[in-house]
Amino acid sequence: PEPVTADDVAGWVRAARADAAATFDLLSSRHATLPPTLLDTAQRLFAAGPRLQAALGEDLRPPFAGHKTRTHGDYHLGQVLVARNDFVIIDFEGEPARDLAERRRKRSPLRDVAGMLRSFDYARQAALRQAAHTDADVESMLPASDAWEKRVRDAFLHGYREVAIEHKLVDDAAAFDAQAPLLRLFEIEK
């Protein structure tokens, strides 16, 4: 582990902004080919683009807590197996679309945390799509699915924080909680 530096954080913010800009460019170039059911959502997202770009990293202030390490790089529920009442994490090659040097680079482990948190949201949405047959079904199931996601997120973050403290990736709960803006950046990036 190495301490996170201001240059690391600045680079992560630049990368997130570049990824967001590329995503908005792609959305703009494919707007005409989107199905009608997505046009309203795409337009709202595109309209929010400048605000999102400006917000990326705006709440990150030094000093920065935590360490950077080698990370999984593509951590989500699909990379976790349950075997004999335990969890096995698989597939450590990182994001396949990135080159090897980038996948080997040390990063904040919060990127992997953000990947798992996004995965919980994907699981919630997939369950809703599978269980709901009408818009009314979705509306009636939303409170329970939102509560499930909050409980899972809270439990995962609590467990991760405890292990991060135990292994000296952060000093204490306050230091972990101080990293919330960095975690938020990585969640937006995901």
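**Exercise 1. Into which class, buried, partly exposed or exposed, does Arg98 fall by its relative accessibility?**

Solution. The model is predicted, so local features need pLDDT of at least 70 and side-chain atom pairs count only at pLDDT 80 or more, whereas totals for chains, interfaces and linings use all residues. Residues are numbered from 1 along each chain as its sequence is written, and side-chain values use heavy atoms, with hydrogens and water left out.

Step 1: the classes are buried (under 20% relative accessible area), exposed (over 50%) and partly exposed (in between), computed with a 1.4 Å probe on protein chains only.
Step 2: Arg98 has a relative accessibility of 23%, which means that Arg98 counts as partly exposed.
Step 3: the partner of Arg98 in a salt bridge is Glu102, and their closest N and O atoms are 2.8 Å apart; Glu102, at 21% relative accessibility, is likewise partly exposed.

**Exercise 2. Determine how Arg111 is paired with an acidic side chain, and place the pair in the wider set of salt bridges.**

Solution. Step 1: the criterion for a salt bridge is a side-chain nitrogen of Lys or Arg within 4 Å of a carboxyl oxygen of Asp or Glu, and by this rule the count comes to 20.
Step 2: Arg111 meets the criterion with Glu95, where the closest N and O atoms are 3.7 Å apart. Because Arg111 belongs to helix α4 (residues 110–131) while Glu95 sits in the loop between β4 and α3 (100–104), this pair ties together parts that are 16 residues apart in sequence. Helices (H or I, at least four residues) and strands (E, at least two) are DSSP runs numbered from the N terminus.
Step 3: Arg111 counts as buried, since its relative accessibility is 6%.
Step 4: a network of salt bridges links Asp19, Glu95, Arg98, Glu102, Arg107, Arg111, Glu189 and Lys190.
Step 5: for another salt bridge, take Arg153 and Glu187, whose closest N and O atoms are 2.8 Å apart. Here Arg153 is in helix α5 and Glu187 in helix α7 (residues 180–189), so the pair ties together parts that are 34 residues apart in sequence.

**Exercise 3. How many aromatic pairs does a search of the whole structure find, and what is the geometry of the pair Phe24 and Phe46?**

Solution. Step 1: a pair of aromatic rings is described by the distance of the centres and the angle of the planes. Rings of Phe, Tyr and Trp (its six-membered ring) pair if their centres lie within 6.5 Å, and planes under 30 degrees apart count as stacked, over 60 as edge-to-face and the rest as tilted.
Step 2: the search over the whole structure returns four aromatic pairs. One of them is Phe24 with Phe46, which is edge-to-face because the centres are 6.4 Å apart and the planes stand at 70°. This pair links distant parts of the chain, with Phe24 in helix α1 (residues 6–29), Phe46 in helix α2 (residues 36–55) and their positions 22 residues apart.
Step 3: Phe24 is buried at 10% relative accessibility, whereas Phe46 is partly exposed at 38%.
Step 4: Tyr160 and Phe176 form a tilted pair, 6.0 Å centre to centre with 45° between the planes. This pair also links distant parts of the chain, 16 residues apart, with Tyr160 in helix α5 and Phe176 in helix α6.
Step 5: Tyr160 is partly exposed with a relative accessible area of 22%, while Phe176 is buried at 8%.

**Exercise 4. Check the length of helix α1 against its expected span, and list what its buried residues pack against.**

Solution. Step 1: the expected span of a helix is 1.5 Å times one less than its number of residues.
Step 2: α1 has 24 residues and should therefore span 34 Å, which agrees with the 34 Å between its end C-alpha atoms.
Step 3: the buried residues in α1 are Asp8, Val9, Trp12, Val13, Ala16, Ala20, Phe24 and Leu27.
Step 4: with contact taken as heavy atoms within 4.5 Å, the buried residues of α1 pack against β1 (2–3), α2, β2 (67–68) and α7.

**Exercise 5. Locate the residues Arg84 and Lys168, which have positive phi without being glycine.**

Solution. Step 1: phi of Arg84 is near 50°, and Arg84 lies in the loop between β3 (80–83) and β4 (86–89).
Step 2: Arg84 is exposed, with a relative accessible area of 85%.
Step 3: phi of Lys168 is about 65°, and Lys168 is found in the loop between α5 (135–166) and α6 (173–177).
Step 4: Lys168 counts as exposed at 65% relative accessibility.
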